[in-house]
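Colleague: I am new to this structure and would be grateful for a close look at a single part of it. Please choose the sheets and the spaces around them, and set that part within the whole chain.

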Amino acid sequence: MAFCSVITLSRHCRSPYLHISRAPKLPFYCRRRASAIAMSSASETKLTAPYGSWKSPITADVVSGSEKRLGGFSTDSLGRLYWIESRPTESGRNVLVRQADSENDEPIDITPKDFAVRTVAQEYGGGAFSISGDFIIFSNYRDQRLYKQSISSKGDSAPVPLTPDYNGPHVCYADGVFDFRLNCYVTVREDRRESSTNAITTIVSVDLRGNGIKEPKILIEGNDFYAFPRIDPEGERMAWIEWSHPNMPWDKSELWVGYISENGDIKERICVAGGNPSIVESLSEPKWSPEGELFFVSDRKSGFWNIYKWVESTNEVLPVYTFNAEFTKPLWVFGLNSYDFLQKPDKKNLIACSYRMNGRSYLGIVDVMQSKLLPLDIPFTDINNIQSGLDCLYVEGASASHPLSIAKVILDDQKSKAVDLKIIWSSSYISPPIQSYISTPELIEFPTEVPGQSAYAYFYPPTNPLFQATQEERPPLLLKSHGGPTAEARGILNLSIQYWTSRGWAFVDVNYGGSTGYGREYRDRLLGRWGITDVNDCCSCAKFLVDSGKVDGERLCITGGSAGGYTALAALAFKDTFKAGASLYGVADLKSLKADTHKLESHYLDNLVGDENAYFARSPINFVDQFSCPMILFQGLEDKVVPPDQARKIYHALKDKGVPVALVEYEGEQHGFRKAENIKYTLEQQMVFFARLVGKHAVADDIIPVKVDNLD
């Protein structure tokens, strides 16, 4: 149930960093948007108005129009950058875009209009394309087939299918790599032809010789899940990760290496890590160095995901660098790339990496020979993926004041300092007047109900240069519980949050016990306690902010998507902290979720919940009589992770009980909303719903509220 709300991806917009190279001048549509949303702040006298009623240029149109998402990036042999962006204005279509040939040109769309680069393998996708030479291979969303497309300026660029047509999107592919020795494409395949809820996952090879469509050849099969098939530079060995029910990949997984025969079969295999029952570890991101050594990430012993190396001759696993920080993140999507080898002939033992510690990301260089980590100073405080380029690094990152971007980082000759950073692609342009409306998050640590134990959150105070409230008033609070639940709230510039704070709401994004980014011990707080630890921590956070005098204890609201929606519902059913709530594609019935959800998460709840009694006792749908607070629900009708029946059950139950409730359903939406009009509507309806029922204020925007049963 992982859904990360990632903001804005307007192509080719600048980011106002200091000490970085500037991108070229803004295209007209960006300048037009900036001028349209800019408000004059010439007056030094602030208007006094109730919290929540303030006028803001960060409208729902601005948020939804810039709510593009990044779906991965890579480079070609010439060092040009390619990325996937999801476009809400095109109903969420995923388009592969190439970096412009010169700074004065626009980026180039590679994907034809009737195609979309997206895989639905394991529902969350990722790893949807790969580049080799002058062509790409990608998964097409509509039919889920693999296609080959030329990216050369010469010849026909129309995509050509590589895999068979199975009369519908029943077979998905993800996380593919090229086997240059045998001229094939090795990829994870998810086959749903026999069962849509219990797909058969394998690692297959697709023959690239000739132009015909061929049935993929199965290389590895028999386990429940596979990821990261990676071929060594000589094409003689393949590494991969696998795991089985009831584990999720961050609970327990295995790293294997197989030896490839002349005809492409795996003739022999060895378990490198994860096979020792005395060592519980989560494996991720295997990579072969240019010299043919295998590196990977494990949380063995320390409980933190660190980088390790396999010594093949002795079958030993050795730490590359030991640190109480996370060098990867949970494997919800394919194609994670948290570290890479520097592309420099005389720098064979240097690894560029991102790592996360105490709520902040860092970029660094690991010297493998000296087991030394050297941090690099860049303006990003949140980093996702990185890739080594020609004499540079490409970094996907953001900060509290800068939106999600891809930056080109130039290192000095010694590879010890970042000497230049240039934004290649950025999520949005924030005009100077808008910058004054941006609320900067404060990382807070608050006590939980467990004596001596703390949890963490990002608190955003109300911020608006034109308005203020009276000294006596405290702002209403919207608390967000993130999805997953094995995921993390990250303190980056998110216009969806700024929409609230610029109107006078306080906002807090909670990393309850069970969140990632703080090691396995913190992550394991949720085992057997989902619906307890997360709910308690959210309530404790709200109480902490009330006791600190930062928010109004009578105007506390909670929202969340997916697993976060479940936490919101459970908090309203089992606690009396909050006065109203919103659930976006949230879970109401744990037992039916276990029965109806997709394969990846079909046993997820076994470890998070426990026995049958716990399933009943923690399902909000079974305790409707304990609900007394207003609730608004939003649901996509094509959601296969949390089926629409979940929202409908809680809606009808609350309606019958007489509790103010509203249900908004979206045709054509899945798990997480992709269409601009739906993103806008969801944001506006939450705002006006909370204002009407809890906020005790009028909203400044012209919003027609949805009908609320038992109220209107």
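Modeller: The model shown here is predicted. I begin with the part that a record names. UniProt, in an unreviewed entry, lists residues 496-696 under "domain: Peptidase S9 prolyl oligopeptidase catalytic". In the model, this span is 44% helix and 14% strand, and the C-alpha atoms at its two ends lie 22 Å apart.

The whole chain gives the setting. It holds 12 helices and 38 strands. Its radius of gyration is 25 Å, close to the 27 Å that the globule rule gives for 712 residues, so the chain is as compact as a globular protein of that length. The C-alpha trace spans about 75 × 60 × 50 Å along its principal axes.

The sheet that deserves the close look is an open one of 4 strands, in the order S22-S23-S24-S25, with antiparallel pairing. Its edges are formed by strand S22 (339-341) and strand S25 (372-376), each of which pairs on one side only. From one strand to the next, the twist averages 30 degrees. Within this sheet, strand S23 (residues 350-357) and strand S24 (residues 360-367) run antiparallel and are joined by 8 bridges. One position to find on the display is serine 354, which stands opposite leucine 363 in S24. As a general matter, strands of a sheet pair through backbone hydrogen bonds, either parallel or antiparallel.

Strand S23 also leads to an enclosed space. A search of the whole structure finds 8 cavities of 30 Å³ or more. The second largest cavity contains about 130 Å³ of space. It is lined by 16 residues, and those closest to its centre are Glu326, Thr328, Lys329, Arg356 and Arg490. Two elements, S23 and strand S26 (382-389), give two or more residues to this lining. S23 gives the most, with 3 residues. By class, the lining of the second largest cavity has 4 nonpolar, 7 polar and 5 charged residues.

Further along the chain, strand S28 (residues 405-411) and strand S29 (residues 418-426) run antiparallel and are joined by 7 bridges. Serine 405 stands opposite serine 426 in S29. The hairpin of S28 and S29 has 6 residues between the strands, and in this hairpin lysine 415 takes a positive phi near 55 degrees.

For comparison, another open sheet of 4 strands has the order S6-S7-S8-S9, again with antiparallel pairing. Strand S6 (129-132) and strand S9 (160-161) stand at its edges, each with a single partner strand, so one side of each is left without a neighbour in the sheet. Strand S7 (residues 135-139) pairs with strand S8 (residues 146-150) in the antiparallel sense over 5 bridges. Here isoleucine 137 has lysine 148 in S8 as its bridge partner.

An open space completes the account. The second largest pocket has a volume of about 400 Å³. Of the 19 residues that line this pocket, the closest to its centre are Ser91, Gly92, Arg93, Ala116 and Tyr141. The lining of the second largest pocket divides into 3 nonpolar, 6 polar and 10 charged residues.

How values were computed
Residues numbered from 1 in each chain as written. Predicted model: local features only at pLDDT ≥ 70, side-chain atom pairs only at ≥ 80, totals over all residues. Heavy atoms only, no water. UniProt positions renumbered as here; feature names shortened; annotations may be inferred. Pairing = 2+ DSSP bridges. Axes fitted to C-alpha atoms, helices over the stretch in contact; angles between N-to-C directions. 1 Å grid on protein atoms, 1.4 Å probe; cavity = no way out; pocket = protein on both sides within 12 Å on 5 of 7 lines; lining within 4 Å. Points joined across faces, edges and corners; volume = space filled by probe spheres on them. Nonpolar A, V, L, I, M, F, W, Y, C, P; charged D, E, K, R; others polar. Rg over C-alpha atoms; globule rule 2.2 N^0.38 Å.
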